[in-house]
Amino acid sequence: QVRVVESGGGSVQAGGSLTLSCRPTGDFFSVLTMAWHRPAPGKQRELVASINTRRSANYADSVRGRFTISRDNAKNAVSLELNSLKPEETAVYYCYARIRQNDYKEKDYWGQGTQVTVSS
């Protein structure tokens with residue numbers, strides 16, 4: 001069974017930094033796109049940043065230049081470095097992974113979420 005395991009998160013003051021990490025575990029063929037999402041007003045979740053297997057990254061306008069997503073393909077791991085954090089970015093951050101299963105079918109998986117709290 002595939003699980004997406006997150007780590008990192010925590011509490012910082014405004015302007016501070018945190019790093020989130022995530023990797024799928026279990027039996028699968030490969031990991032395709034990986035991403036981080038967080039809740040947003042009027043939406044279930046908004047994309048914060050994504051990265052594909054070629055390490056091409058995409059960012060929400062609100063975080064571009066402050067957050068950096070990276071991945072280690074050998075470890076099937078993704079990290080999100082959050083810099084210059086703002087209080088309004090307090091949220092549960094969810095890791096997403098699109099997995100190619102052993103039957104070559106693709107399936108989406110989500111982590112349980114990790115809390116980021118930014119105090120003013």
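This report describes the strands, the overall dimensions and a few selected residues of a predicted protein model.

## Basis of the description

The model is predicted: local features need pLDDT of at least 70, side-chain atom pairs count only at pLDDT 80 or more, and totals for chains, interfaces and linings use all residues. Residues are numbered from 1 along each chain as its sequence is written, and side-chain values use heavy atoms, with hydrogens and water left out.

## Overall make-up

The protein contains 11 strands and zero helices. Strands (E, at least two residues) and helices (H or I, at least four) are DSSP runs, numbered from the N terminus. From the N terminus on, the order of elements is β-β-β-β-β-β-β-β-β-β-β.

The C-alpha trace spans about 50 × 25 × 25 Å along its principal axes. The radius of gyration of the protein is 14 Å, which agrees with the value near 14 Å for a compact globule of 120 residues. This radius is taken over C-alpha atoms, and the globule rule is 2.2 Å times the number of residues to the power 0.38.

## Surface and contacts

Of the 120 residues, 42% are buried. Buried means under 20% relative accessible area, exposed means over 50%, and partly exposed lies in between (1.4 Å probe, protein chains only). The accessible surface comes to about 6500 Å², and carbon and sulfur atoms account for 44% of it. Such areas come from the Shrake-Rupley method with a 1.4 Å probe; for residues, only the protein chains shown count as cover.

Among contacts (heavy atoms within 4.5 Å) between residues at least 6 apart in sequence, 53% join residues at least 24 apart.

## An open sheet of four strands

Four strands form an open antiparallel sheet in the order β1-β3-β8-β7. Two strands pair if DSSP finds at least two bridges between them. The edge strands, β1 (3–8) and β7 (67–72), each pair on one side only. On average, neighbouring strands of this sheet are turned by 15° against each other, direction ignored. For this angle, axes are lines fitted to C-alpha atoms (for helices, over the stretch in contact), and angles run from 0 to 180 degrees between N-to-C directions.

At one edge, β1 is joined by six bridges to β3 (residues 18–25), and the two run antiparallel. The bridge partner of G8 in β3 is L20.

## Strand β7 and its hairpin

Side chains alternate along β7: F67, I69 and R71 are buried and point to one face, whereas T68, S70 and D72 point to the other and are not buried. Six bridges join β7 to β8, and these strands run antiparallel. D72 stands opposite A77 in β8.

The hairpin of β7 and β8 has four residues between the strands. N76 lies in this loop, before β8 (77–82). N76 is not a glycine, yet has a positive phi of about 55°. With a relative accessible area of 23%, N76 is partly exposed.

## Another loop with a positive phi

R55 is also not a glycine and has a positive phi of about 65°. R55 lies in the loop between β5 (43–51) and β6 (57–59).

## Aromatic pairs

Two aromatic pairs are found in the whole structure. Rings of Phe, Tyr and Trp (its six-membered ring) pair if their centres lie within 6.5 Å; planes under 30 degrees apart count as stacked, over 60 as edge-to-face and the rest as tilted. One of the pairs is F29 with Y104, which is tilted, with 4.8 Å from centre to centre and 45° between the planes.

F29 lies in the loop between β3 and β4 (30–40), and Y104 in the loop between β9 (91–100) and β10 (106–110), so the pair ties together parts that are 75 residues apart in sequence. F29 is partly exposed at 46% relative accessibility, while Y104 is exposed at 53%.
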